[in-house]
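Visitor: Could you pick out one part of this model and take me through it slowly? I'd like to hear how it fits with the rest as you go.

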Amino acid sequence: MGAMSIWHWAIVIVVVALLFGGRGKLSGLMGDAAKGIRAFRDGLKDDGKDGPAEGVSSLPRTEAEKDELKR
C-alpha cells in the first residue's frame, strides 16, 4: 500500500489528461466561469438604475388602494 502501483499512476494520468488535455478544457471552463461572474456583476450594477423610484410598487393596485391614494 505504501508504494504507488500501476493503478495509482493510471488514475493520476487520467485526471491530468482530463484537466489539461484537449484544447485547454480547464482554461475554457475558467473563461466560462469568469464570463458568468462578469454578467452577474453587470446585472447588479444595472439593477438600481432602471428600476422604479423608491416607494413605487410594481404590482397593480386594487380599487381600494386607488381610492385610498386619491384621498
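Guide: Let's agree on a term to begin with: a polar contact is a pair of N or O atoms within 3.5 Å, and within protein one of them must be able to donate a hydrogen and the other to accept it. Keep in mind, too, that we're looking at a predicted model.

With that in hand, start at Ser5. Its side chain and that of His8 are joined by a polar contact of 3.0 Å, which falls within the 3.5 Å cut-off. Ser5 sits in the segment before H1. Is Ser5 buried, exposed or partly exposed? Its relative accessible area is 31%, so Ser5 counts as partly exposed.

Now move on to helix H1, which covers residues 6–20. Here the thing to look at is a nonpolar patch on the surface, formed by Met4, Trp9, Ile11, Val12, Ile13, Val15, Val16, Leu19 and Phe20. Together these residues have about 880 Å² of accessible area. Take Val16, one of the patch residues, as a sample: it lies in helix H1 and has 42% relative accessibility, so it counts as partly exposed. Joining a patch takes over 30% relative accessible area, and the 42% of Val16 is in line with that.

Leu19, also in the patch, gives us a way across to the next helix. Its C-alpha atom is 10.0 Å from that of Leu29, and the two residues are 10 apart along the chain. Leu29 belongs to helix H2, residues 25–47. With a relative accessible area of 57%, Leu29 is exposed.

Step back for a moment and the setting looks like this. The protein chain has three helices and zero strands, running α-α-α from the N terminus on. Of its 71 residues, 0% are buried. The accessible surface comes to about 7000 Å², with 64% of it belonging to carbon and sulfur atoms.

One last stop, for contrast with that nonpolar patch: charge pairing. Side chains of opposite charge can pair when their charged atoms come close. How many salt bridges does a search of the whole structure find? Just one, and it links Glu63 with Lys66, with the closest N and O atoms 4.0 Å apart. The two residues are three apart in helix H3 (residues 63–70), so about one helical turn separates them. Glu63 is exposed, at 56% relative accessibility, whereas Lys66, at 37%, is partly exposed.

Methods: Residues are numbered from 1 along each chain as its sequence is written. This is a predicted model: local features need pLDDT of at least 70, side-chain atom pairs count only at pLDDT 80 or more; totals for chains, interfaces and linings use all residues. Side-chain values use heavy atoms; hydrogens and water are left out. A salt bridge is a side-chain nitrogen of Lys or Arg within 4 Å of a carboxyl oxygen of Asp or Glu. Helices (H or I, at least four residues) and strands (E, at least two) are DSSP runs, numbered from the N terminus. Buried means under 20% relative accessible area, exposed over 50%, partly exposed in between (1.4 Å probe, protein chains only). Patches are made of residues with over 30% relative accessible area and no salt bridge: like charges are joined within 9 Å, nonpolar side chains (Val, Leu, Ile, Met, Phe, Trp, Tyr) within 5 Å. Accessible areas come from the Shrake-Rupley method with a 1.4 Å probe; for residues, only the protein chains shown count as cover.
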